[in-house]
Amino acid sequence: MTLNLERQAPAVRQIGGRIGARIDGVRLGADLDPEIVATIRAALLRHKVLFVRGQEHLDDAGQLAFAEQLGTLTTAHPTVNSGSAHVLTLNATRGMAANSWHTDVTFVDRIPAISILRGVHIPPYGGTTVWANTVAAYDALTPPLRALVDTLWARHTNEYDYAAAIEDPEDDDQHEGAFSREEFRSTYYEAEHPVVRVHPETGERSLLLGHFVKRFVGLNSSESSAVFQLLQNRVTRLENTVRWTWQPGDVALWDNRATQHYAVADFDHHRREVRRVTLVGDAPVSVDGRTSTVVAGSSDAYTRIEELIS
């Protein structure tokens with residue numbers, strides 16, 4: 001589907017049946033026309049992840065200026081310091097620090113609403129990223145499974161981190177510029193979230209899972225493992241996904257409340273650098289109206305809550 005908007009508005013072209021669209025005819029940066037910003041936001045809510053090519057002009061400041069037109073910036077990360085207040089640099093030459101299915105930063109209570117990723121240095125092959133639509137995954141559940149997940153809650157922690165997904169533990173020392181497991185866990189966070197959250201803007205229901213899940217409330221470890229695999233496999237069915245092959249200057253932005261993603265570590269020893277900013281979200285709300293809670297660690301500094309209140 002092609003949506004041609006009024007003059008100077010970008011063209012939104014759907015690229016997947018259940019997720020993904022490409023936006024053409026826009027130069028991202030500061031001071032975009034409000035109608036263009038509204039078009040981008042509406043497309044994001046509909047397609048879950050958007051891709052914009054040809055943004056080589058963007059630097060960190062330009063990426064931040066664009067992001068601020070969509071929401072309030074979080075700090076770069078609750079625990080990882082990559083040298084910037086708001087930009088998380090992911091730089092690897094072997095393996096990847098995100099090669100597992102996840103939704104960003106679900107171990108805090110106020111999960112980021114939107115993530116914006118910019119390709120800086122792209123390897124000659126590999127290094128793609130895959131996104132999955134967690135709303136479509138919920139919609140496809142049978143009534144008995146919906147009855148289960150609608151009342152199910154899960155504990156998410158940063159003990160179940162990116163590094164845990166690396167098959168070769170020696171890779172920890174090979175990630176040039178990537179954060180270490182120790183840094184990722186330097187402050188312990190744990191939050192309790194509904195497995196089904198109601199989207200605060202669209203009202204859609206989505207499955208809130210990913211590799212930060214520690215266990216399900218009320219289930220033992222073997223039960224939790226079985227249920228997790230059952231539901232996670234529903235999320236990552238190929239029909240629910242879209243895969244993006246990066247070029248330098250590409251920008252991807254996704255609704256973190258309705259997606260998971262996976263960075264594919266198949267680029268051997270070539271360098272791959274991307275930079276991410278995230279926008280403040282709210283605490284997930286369950287089908288019956290209950291809100292996620294903190295178990296350990298305060299996310300106030302990460303979400304800059306003092307600025308939201310002031």
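**Close-up views of a predicted model**

**View 1. The whole protein, before zooming in.** Eight helices and 17 strands make up the protein's regular elements. Keep in mind that this is a predicted model. Of the 310 residues in the protein, 55% are buried. The accessible surface adds up to about 13000 Å², and carbon and sulfur atoms account for 48% of that. What about contacts along the chain? If you take the contacts in the protein with a separation of 6 or more, 84% of them are between residues 24 or more positions apart.

**View 2. A three-stranded open sheet.** Here the strands line up in the order β13-β7-β15, and their pairing is antiparallel. The edges belong to β13, covering 241-244, and β15, covering 259-263, each of which pairs on one side only. On average, and with direction ignored, neighbouring strands in this sheet are turned by 20 degrees against each other. As for what holds such arrangements together, strands of a sheet pair through backbone hydrogen bonds, either parallel or antiparallel.

**View 3. Zooming in on β7 and β13.** How many bridges join strand β7 to β13? There are four, with β7 spanning residues 129-133 and the two strands running antiparallel. For a handy landmark, look for Val130, which stands opposite Arg243 in β13.

**View 4. Asp104, tucked into a loop.** Follow the chain out of β5 (88-92) and on towards β6 (114-121), and you'll meet Asp104 in the loop between them. Is Asp104 buried or exposed? Its relative accessibility is 0%, so Asp104 counts as buried, given that the cut-off for buried is under 20%. The side chain of Asp104 makes a polar contact of 3.4 Å with the side chain of His102. Another residue to find in this view is His211: it sits 107 residues from Asp104 in sequence, yet the two C-alpha atoms are 9.9 Å apart in space.

**View 5. Ala154 and the residues around it.** This one takes us to strand β8, residues 153-157, where Ala154 has its place. Ala154 has a relative accessible area of 0%, so it is buried. Which residues is Ala154 in contact with, leaving aside its neighbours within four places in sequence? One group to pick out is Ala191, Glu192, His193 and Val195. The others in contact with Ala154 are Val213, Arg215, Phe216 and Val217. Gly218 is worth locating too: measuring C-alpha to C-alpha, Ala154 and Gly218 are 9.1 Å apart in space, with their positions 64 residues apart in sequence.

Definitions and conventions. Residues numbered from 1 in each chain as written. Predicted model: local features only at pLDDT ≥ 70, side-chain atom pairs only at ≥ 80, totals over all residues. Heavy atoms only, no water. Pairing = 2+ DSSP bridges. Axes fitted to C-alpha atoms, helices over the stretch in contact; angles between N-to-C directions. Buried < 20%, exposed > 50% of the residue type's maximum accessible area, 1.4 Å probe, protein only. Polar contact = N/O pair within 3.5 Å; in protein donor to acceptor, adjacent residues only side chain to side chain. Contact = heavy atoms within 4.5 Å. Areas by Shrake-Rupley, 256 points an atom, 1.4 Å probe, with all protein chains shown as cover.
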